[in-house]
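The following exercises introduce a single protein model. Please look through the sequence and the structure before working through the solutions.

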Amino acid sequence: MPVNPSRSQYRQAADLIRAAIEGGDHPRGEALPREDDLAEKLGVDRSTINRALRILAAEGLVQPIRAKGTIVNAIPRIRRNAVARYAREARERAGARGPFETEIRGLGMTPKTVVEVGRSVPPAGVAAILDVSADDVSTVKRARRMFADETPVQLADSYLPLELAAGTAIETENSGTGGIISRLAEIGHAQVRITEEVDVRPPTPEEANFLGLSEDHRVYAITHVGWTSEDRAVEVCLHVMPTHLWTLEYEFPADTPA
């Protein structure tokens, strides 16, 4: 193994194993060689390989599975273009029930969303954005658990003002082609502007349990708000996504000289 005195051996080993995975030497979903074999190949001791694999596991590139060894994560990175994904064509493509299904199908994978719908008291921050009560049942909540080929990849809780959503298809588990954005448009509350605030933080115990994360992993916590032409917030969605599975992509016009 090449020696870089400014970088520890186990990090150099992690770099080499990562490059081999990204280069296709170790296919996704398959086991890496045994630690002893990797150590011999790279000319280091087994403890160095063990530390290197712990780095790659924290990145989400590999995961140790009892009786199977260390497996290369089967899920490729999912690109989330925060501008293009909300266009009507993208969220309704081939009957998709929103942009998530379009993104996952684009990777050649099968999307699945488990939805729980109910009327709820919203978190205080959500209530403030929607201008509804934080002390009473004032929203319809759509709690979604989202999968790609049966692997959990996202949590997304959407809140909508009860006065708008009550008695509509938004209160059903299957909100139809295009999802709740299309349903809001049909009842006269089309979203014309979207804002998103992105934080990176450790997962909560509940999030870690569902997404299969350790305390070393990090998640994107995105507060997504949909606004109407009257400048009214009609949807707040709280997305939680493992940083190692998702690439956030933004595009917007630059100011050009007159």
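The protein chain has an average pLDDT of 90, and 95% of the residues score at least 70; pLDDT is the predictor's confidence in each residue, from 0 to 100. This is a predicted model, in which local features need pLDDT of at least 70 and side-chain atom pairs count only at pLDDT 80 or more, while totals for chains, interfaces and linings use all residues. Residues are numbered from 1 along each chain as its sequence is written, and side-chain values use heavy atoms, with hydrogens and water left out.

**Exercise 1.** Determine where in the protein chain confidence is lowest and where it is highest.

*Solution.* Step 1: helices (H or I, at least four residues) and strands (E, at least two) are DSSP runs, numbered from the N terminus. Step 2: the lowest confidence falls in helix α4 (residues 88-92), with a mean of 65. Step 3: the highest falls in helix α6 (residues 124-130), at 98. Where pLDDT is low, the predicted coordinates should not be read in detail.

**Exercise 2.** Describe the largest nonpolar core and state which helix supplies its largest share.

*Solution.* Step 1: a nonpolar core is a set of buried Ala, Val, Leu, Ile, Met, Phe, Trp, Tyr and Cys residues joined through side-chain atoms within 4.5 Å; buried means under 20% relative accessible area, computed with a 1.4 Å probe on protein chains only, whereas exposed means over 50% and partly exposed lies in between. Step 2: the largest core has 19 residues, and Ile 17, Ile 21 and Ile 49 are among those with the most contacts inside it. Step 3: α1 (9-22), α2 (35-42) and α3 (46-59) each supply at least two residues of this core. Step 4: the largest share, six residues, comes from α3. Apart from this core lies another, of 15 residues, including Ile 104 and Trp 246.

**Exercise 3.** Give the strand order of the six-stranded sheet and explain why β4 and β7 each have one side without a neighbour.

*Solution.* Step 1: two strands pair if DSSP finds at least two bridges between them. Step 2: the open sheet runs β4-β5-β6-β9-β8-β7, with antiparallel pairing. Step 3: β4 (111-120) and β7 (193-201) stand at the edges with a single partner strand each, so one side of each has no neighbour in the sheet. Step 4: within this sheet, β5 (residues 139-148) and β6 (residues 151-161) pair over 10 bridges, and Thr 139 stands opposite Pro 161 in β6.

**Exercise 4.** Is helix α5 mostly covered or mostly exposed?

*Solution.* Step 1: α5 spans residues 99-106. Step 2: six of its eight residues are buried, so the helix is mostly covered. Step 3: the buried residues include Phe 100 and Ile 104. Step 4: Gly 108, with a positive phi near 80°, follows α5.
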